[in-house]
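This report describes the confidence, the internal cavities and two of the sheets of the structure shown below.

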Amino acid sequence: MLRTRLRRPAATFGSAVAALAAGGLVAAAFAGCGIVTPGPVSTVGEVDFDRPLAIPPLAESSVDADGTRIFALDAQAGTTEFEPGQPSDTWGFNGAYLGPTLVAERGERVRVDVTNSLDEPTTVHWHGMHLPPEMDGGPHQMVEPDASWSPEWDVDQQAATLWYHPHPHGETEDHVARGLAGMFLLHDEHERSLGLPAEYGVDDIPVIVQDTGFSDAGALEGKQRGYAGGLGDELLVNGTRSPYLEVGHELVRLRLLNASTARTYAFAWSDGRPVRLVATDGGLLEASVDLEHVRLSPGERAEVLLRVTPGERLVLQSRMTPGIAGLVGPVASTNGGSDAFDVLEVRAAEALEPVPEPPARLGAIADFDEAEVATTRRFELGDSFEINGEAMDMGRVDETVTVDTLERWVVANTTQLPHSFHVHDVQFRIASIDGEAPPPELAGWKDTIFTEPGTEVELLMRFEDYTDTDTPYMYHCHLLWHEDQGMMGQFAVVEPGQSATMTGGTHHEH
């Protein structure tokens, strides 16, 4: 646990207005929001690391007569003692907090029987999964209290670290913050052939990072709100406060998931060694990349390898700076851009199982041919929770996409404030950032990106397999408060010549 109770310096509403106005936001729009923005915080050197890291259980499954693998998830309310003797009200899947890890193989057909035992509607969105829109778990697939939903689809994408979480329109931040989240891991023959650490919970470790707030006694409490959304002053990893991880192998694979609702992290090692990145949202890179830090905004994932020596200890930290965040002045200081955290202590055993190096080349990623781009679309992320000047309308399809076509999406953060961008159904490639080729760590498959202020990112993506004139997918800012406030749009994938049939029609038909 924390040795001393750390608290952010309280900021006045006047400083909040100044920070927001720095990005051009009209202060009057927030006058009734009760925003008291947080100031910088650091827990570096203040965490005791006195509790073993909880490992979410593997979800049980069965295989029916036609070969479909069947999982079951029950969204339920409960209580969790993050501090012994101090119960907090929480939500979870199949338990009081977070959910089990689902695992499937490429080529399998899967079904998830979802039950909602909560007192309010929710959804389960399969973040990063390629699947039909009616199975996506967005706001059009609400599950009412005491009701169930059984999405079913074929897993047809490469090995990757995906996750699942609620997606109810206007309530996503709250549902995720209460604890509704879990990992969904995909494997394939190629990934298994590389010799990467693969024993779940032993040398292949889920690391679900969330920021939150605690009372002095150790009960969950509300987070202060910056423009990015609710920002906590402590971290949980897999629901564990002050966690340590004991490892018995020379090489460990950490699957990092930023499951926070608003905070962006810059993960680094306490001794300054490089962070060895091998995979991003949609799967393996062509080769590992050594980095000073790995920046992950909400919803992004990264797989990193760590080689340890007998008996050593080191700490996974997040050391965010305004430069890494792309934020300046009060916008940085009130939106996590100057915060630092001790995240997780890794403790190597005195005797370690030897592990050979994986191959230098992890695979090949075929580039899109930009000459095949059929349509270019532009998405401007503004400072009033709108995309292209419009807020989310559940009855309006904003973009209509023709199946089996390559598209270029230009995403521009036109503000001096933080945003991100997530696209449902597809994994995309980053073609350029402000006209320059992406760095190696962003050259693989992605479904979520952090969009720095004043930056324009070109994405290439192909929409394959699934069409539906009635049911759309979503694109949105994955800072969940922004999404809830309306920073989201809808797109339908249709056959050539078709149009979306939802009420309100379409703005752009191509």
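A cavity is here a set of grid points where a 1.4 Å probe fits but cannot get out, and its volume is the space filled by probe spheres set on those points. In this predicted model, a search of the whole structure yields two cavities of 30 Å³ or more. The second largest cavity holds about 80 Å³ of space. Its lining is made up of 13 residues, of which Thr-264, Leu-327, Asn-335, Pro-418 and Phe-450 are the closest to its centre. By class, the lining of the second largest cavity comprises eight nonpolar residues, four polar residues and one charged residue.

**Confidence**

The protein has a mean pLDDT of 92, and 91% of its residues reach 70 or more. Residues 3-35 have a pLDDT below 50, and the model gives this stretch 68 contacts beyond near neighbours in sequence. Residues 504-510 also have pLDDT under 50, with 20 contacts beyond four places in sequence. Predicted coordinates should not be read in detail where pLDDT is low.

**Two open sheets**

Strands of a sheet pair through backbone hydrogen bonds, in either a parallel or an antiparallel manner. Two open sheets of mixed pairing are set out in the table.

| Strand order | Number of strands | Pairing |
|---|---|---|
| β26-β28-β32-β30 | Four | Mixed |
| β27-β34-β33-β29-β31 | Five | Mixed |

In the four-stranded sheet, the edges are occupied by β26 (373-381) and β30 (429-433); each has a single partner strand, so one side of each lacks a neighbour in the sheet. Neighbouring strands of this sheet are turned against each other by 25° on average, direction ignored. The edge strand β30 pairs with β32 (residues 456-463) in the antiparallel sense over four bridges. Within this pair, Arg-429 is placed opposite Leu-460 of β32.

The five-stranded sheet has β27 (399-402) and β31 (448-451) at its edges, and because each has a single partner strand, one side of each is left without a neighbour in the sheet. From one strand to the next, the twist of this sheet averages 25°. Strands β33 (residues 473-476) and β34 (residues 488-494) are paired in the antiparallel sense, over four bridges. Here His-476 stands opposite Met-488, a residue in β34.

Definitions and conventions
Residues numbered from 1 in each chain as written. Predicted model: local features only at pLDDT ≥ 70, side-chain atom pairs only at ≥ 80, totals over all residues. Heavy atoms only, no water. Pairing = 2+ DSSP bridges. Helix = DSSP H or I, 4+ residues; strand = E, 2+ residues; numbered from the N terminus. Axes fitted to C-alpha atoms, helices over the stretch in contact; angles between N-to-C directions. 1 Å grid on protein atoms, 1.4 Å probe; cavity = no way out; pocket = protein on both sides within 12 Å on 5 of 7 lines; lining within 4 Å. Nonpolar A, V, L, I, M, F, W, Y, C, P; charged D, E, K, R; others polar. pLDDT = per-residue confidence, 0-100. Contact = heavy atoms within 4.5 Å.
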